[in-house]
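Please open the structure in your viewer and keep the selection tool at hand. The stops below are meant to be taken in order.

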Amino acid sequence: MNITDVQIKKVYTDPTKPVKAKVSVIIDKELILHNIRVIEKVDGDTRKKFIAFPSQKITTLDENNKPTQGFFDIYHPISSEARIKFEAAIYKALDEYKAETNK
């Protein structure tokens, strides 16, 4: 799998919101994955940045037959190595985008 392009769709500048950007990723010039979010969480003095893949809200029944809601990822990497590739490509593209727009 080769990530051939990352398209920055939207960059958010509100410091109070955790979503910092939405991107699309093209794989092997054949497949595009839309709506990947870059999220930054602040925990005290620590900032943690990660990517979140699109998810769908689902309702299931628990052991008492009561509905419970959760989220199911529509697509996501299945290995740590794949996730690292996505993160590296997305963060690099965002850094380049920010450098170009700050000129």
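What follows is a walk through a predicted model, from its strands to its aromatic and charged side chains.

**The four-stranded sheet**

Begin by selecting S1, S2, S3 and S4, which form an open sheet in the order S1-S2-S3-S4 with antiparallel pairing. Strand S1, residues 3-11, and strand S4, residues 46-52, stand at the edges, and because each has a single partner strand, one side of each is left without a neighbour in the sheet. If you look along the sheet, direction ignored, neighbouring strands are turned by 25 degrees against each other on average.

Next, restrict the view to strand S3, residues 31-43, together with S4, where seven bridges hold the pair in the antiparallel sense. Within this pairing, select Val42, whose bridge partner in S4 is Arg47.

**Arg47 and its surroundings**

Stay on Arg47 and display its side chain: is this residue buried or exposed? With a relative accessible area of 58%, Arg47 is exposed. Adding Glu40 to the selection shows a salt bridge with Arg47, in which the closest N and O atoms are 2.8 Å apart. Side chains of opposite charge can pair when their charged atoms come close. The count of salt bridges in the model comes to one.

**The start of the chain**

Move now to Asn2, which is placed in the segment before S1. Leaving aside residues up to four places away in sequence, Asn2 touches Ile26, Ile27 and Asp28. For a sense of scale, draw a distance from Asn2 to Lys41: the two are 39 residues apart in sequence, and their C-alpha atoms are 28 Å apart in space.

**The helix across the sheet**

Select residues 80-101, which make up helix H1; this helix lies across S1, strand S2 (19-27), S3 and S4, and runs at about 55 degrees to S1. A further stop is the pair Lys49 and Tyr91, where the charged end of Lys49 sits over the ring of Tyr91, 4.4 Å from the ring centre.

**The aromatic cluster**

Which residues should be selected together to see one aromatic cluster? They are Phe53, Tyr75 and Phe86, and the structure holds two aromatic pairs.

Take Phe53 with Tyr75, whose ring centres are 5.8 Å apart and whose planes stand at 75 degrees, so that the pair is edge-to-face. This pair links distant parts of the chain, since Phe53 lies in the loop between S4 and strand S5 (55-61) while Tyr75 lies in the loop between strand S6 (67-73) and H1, 22 residues apart.

Then exchange Tyr75 for Phe86: the ring centres of Phe53 and Phe86 are 5.3 Å apart and the planes are at 85 degrees, so this pair is edge-to-face. Here too distant parts of the chain are linked, with Phe53 in the loop between S4 and S5 and Phe86 in helix H1, 33 residues apart. Phe53 and Phe86 are both buried, and the relative accessibility of Phe53 is 4%.

**The hairpin**

Finish with S5 and S6, which run antiparallel and are joined by seven bridges. Selecting Ser55 brings you to a position that stands opposite Asp73 in S6. Between the two strands of this hairpin there are five residues, and in the turn you can pick out Asn65, which has a positive phi of about 65 degrees.

How values were computed:
Residues are numbered from 1 along each chain as its sequence is written. This is a predicted model: local features need pLDDT of at least 70, side-chain atom pairs count only at pLDDT 80 or more; totals for chains, interfaces and linings use all residues. Side-chain values use heavy atoms; hydrogens and water are left out. Two strands pair if DSSP finds at least two bridges between them. Axes are lines fitted to C-alpha atoms, for helices over the stretch in contact, and angles run from 0 to 180 degrees between N-to-C directions. Contact means heavy atoms within 4.5 Å. Rings of Phe, Tyr and Trp (its six-membered ring) pair if their centres lie within 6.5 Å; planes under 30 degrees apart count as stacked, over 60 as edge-to-face and the rest as tilted. Buried means under 20% relative accessible area, exposed over 50%, partly exposed in between (1.4 Å probe, protein chains only). A charge sits over a ring if NZ of Lys or CZ of Arg is within 6 Å of the ring centre and within 35 degrees of the ring normal. A salt bridge is a side-chain nitrogen of Lys or Arg within 4 Å of a carboxyl oxygen of Asp or Glu.
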